[in-house]
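Subject: Structure handover

Hello,

Here is the structure I promised to pass on to you. Please open it alongside this note, and I will go through what turned up.

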Amino acid sequence: MFFRNILPMDIKQWFANYSHSPFVVAGPCSAESEGQVMATATALSAMPEVRLLRAGVWKPRTRPGGFEGRGEDALVWLHRAMQATGLPTLVEVATPTHVELCLKHEVSAVWVGARTVVNPFMVQQLADALCGTDVPVFVKNPVTPDLKLWIGAFERFQKAGLSCLAGIHRGFQHFAQQPYRNYPMWELAMELTRIAGLRVITDVSHICGRRDLLAAVAQKAIDLATDGLMIEVHPSPDDALSDAQQQITPGQLRALLTNLKWRTKSSVDDGTLVGLRAEIDDVDAEVLRLLARRMELSRHIGQLKKQNDMAAFQPDRWKKVLAEHVATAHTLGLDDTIVTEVFEAIHKASVEEQTKIMGD
């Protein structure tokens, strides 16, 4: 086994006993050259909030032909950067061979990507490959909003004897139109944080997909009492070989971190209450997105009704639908009156929209 324990004690303490100091993971989406890696590491090492240097070494592309990383050469660069700056390294692994090479080049910690977490067979292979080491493992949420699948990945690593485990919340694929690359679904990340002893950091770069959204989403992540942030940083973001639009410069990261308000979990006012209010805000935003989607579908129905000379209001169907909604409300413990009022208002707006279409 090539691995030597070179991880600074304060990071391992973070896994076991979270302190309220900021915990930031930063670095380029991809390690592109030794100069790029070294320049980024040097700049980040001057920021006390940054605890780990992240970089993609093997890049899973949706389609072949894109930049797929520098492989083992990048591990050499990262090791040199760690030696020069003292900043520990974090690399994504997807196969046992990746694990073997990371151990060989003394990578400080590894993360498991969202596309890997969806496959329990792949996760088990990684757990087996890491068995017998004390390498910290960060596990990203699966691309689909499946909390059990996410938890199952942690359980596989725990059974392999790995104790330094943390989650990375990077958002989920979502059908609705939205400003994000991956929809946050904060409630799932917050549920994971309720598992005893498990820390979660938020990958705001992959949630946003755009650098102009990073500051607001980073603050919301902190307000929701997640334990840290992962942010992609590149000396020249616009020239990056992957995910250029979501990366920022080291100077922009410094400004972003300076303006963030870090919260504690020690009081209701600063932690729980703020987090619950933020979660309600997120649910409300999802309700609005669903309402917009519903109105879009209503307009399509209005077009079909116009083409087939149908009336906008179909009373028999409406009575049936409302009765079904009320019955469902009962099973969810919701008040009949509130549900009826809400859906009658939605239905009224839908009929009015269809009437306009049919009158054109």
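A residue is called buried here when its relative accessible area is under 20%. By that cut-off, 50% of the 360 residues of the protein are buried. Please keep in mind that this is a predicted model.

First, the overall picture. The protein has 14 helices and eight strands. Taking the contacts between residues at least 6 apart in sequence, 74% join residues at least 24 apart. The exposed surface comes to about 17,200 Å², with 54% of it supplied by carbon and sulfur atoms.

The element I spent time on is helix H7, which covers residues 147-159. Its 13 residues should span 18 Å at 1.5 Å a residue, and the C-alpha atoms at its ends lie 19 Å apart, so the expected and modelled spans agree.

Both ends of H7 have something to look at. At the N-terminal end, Asp 146 acts as a cap, with a side-chain oxygen 3.2 Å from the backbone nitrogen of Lys 148. After the helix comes Gly 161, which has a positive phi, near 90 degrees.

Which residues of H7 are buried? They are Trp 150, Gly 152, Ala 153, Phe 154 and Phe 157. Their cover includes four helices and strands that are easy to pick out by number: strand E4 (109-112), helix H5 (114-117), strand E6 (165-169) and helix H8 (186-193), among others. Helix H6 (120-130) and strand E5 (137-140) are also part of that cover.

Now for the aromatic rings. The count of aromatic pairs comes to two. One of them is formed by Trp 150 and Phe 154, a tilted pair with 6.5 Å from centre to centre and 35 degrees between the planes. These two residues are four apart in helix H7, so about one helical turn separates them. Trp 150 and Phe 154 are both buried.

Tyr 180 and Tyr 183 form a pair too: their ring centres are 6.4 Å apart and their planes stand at 50 degrees, so this pair is tilted. Are these two tyrosines buried or partly exposed? Tyr 180 counts as partly exposed because its relative accessibility is 23%, whereas Tyr 183 is buried, with a relative accessible area of 2%.

Happy to talk it through whenever suits you.

Best wishes

How values were computed: Residues are numbered from 1 along each chain as its sequence is written. This is a predicted model: local features need pLDDT of at least 70, side-chain atom pairs count only at pLDDT 80 or more; totals for chains, interfaces and linings use all residues. Side-chain values use heavy atoms; hydrogens and water are left out. Buried means under 20% relative accessible area, exposed over 50%, partly exposed in between (1.4 Å probe, protein chains only). Contact means heavy atoms within 4.5 Å. Accessible areas come from the Shrake-Rupley method with a 1.4 Å probe; for residues, only the protein chains shown count as cover. The expected span of a helix is 1.5 Å times one less than its number of residues. A polar contact is a pair of N or O atoms within 3.5 Å; within protein, one must be able to donate a hydrogen and the other to accept it, and residues adjacent in sequence count only if both atoms are side-chain atoms. Rings of Phe, Tyr and Trp (its six-membered ring) pair if their centres lie within 6.5 Å; planes under 30 degrees apart count as stacked, over 60 as edge-to-face and the rest as tilted.
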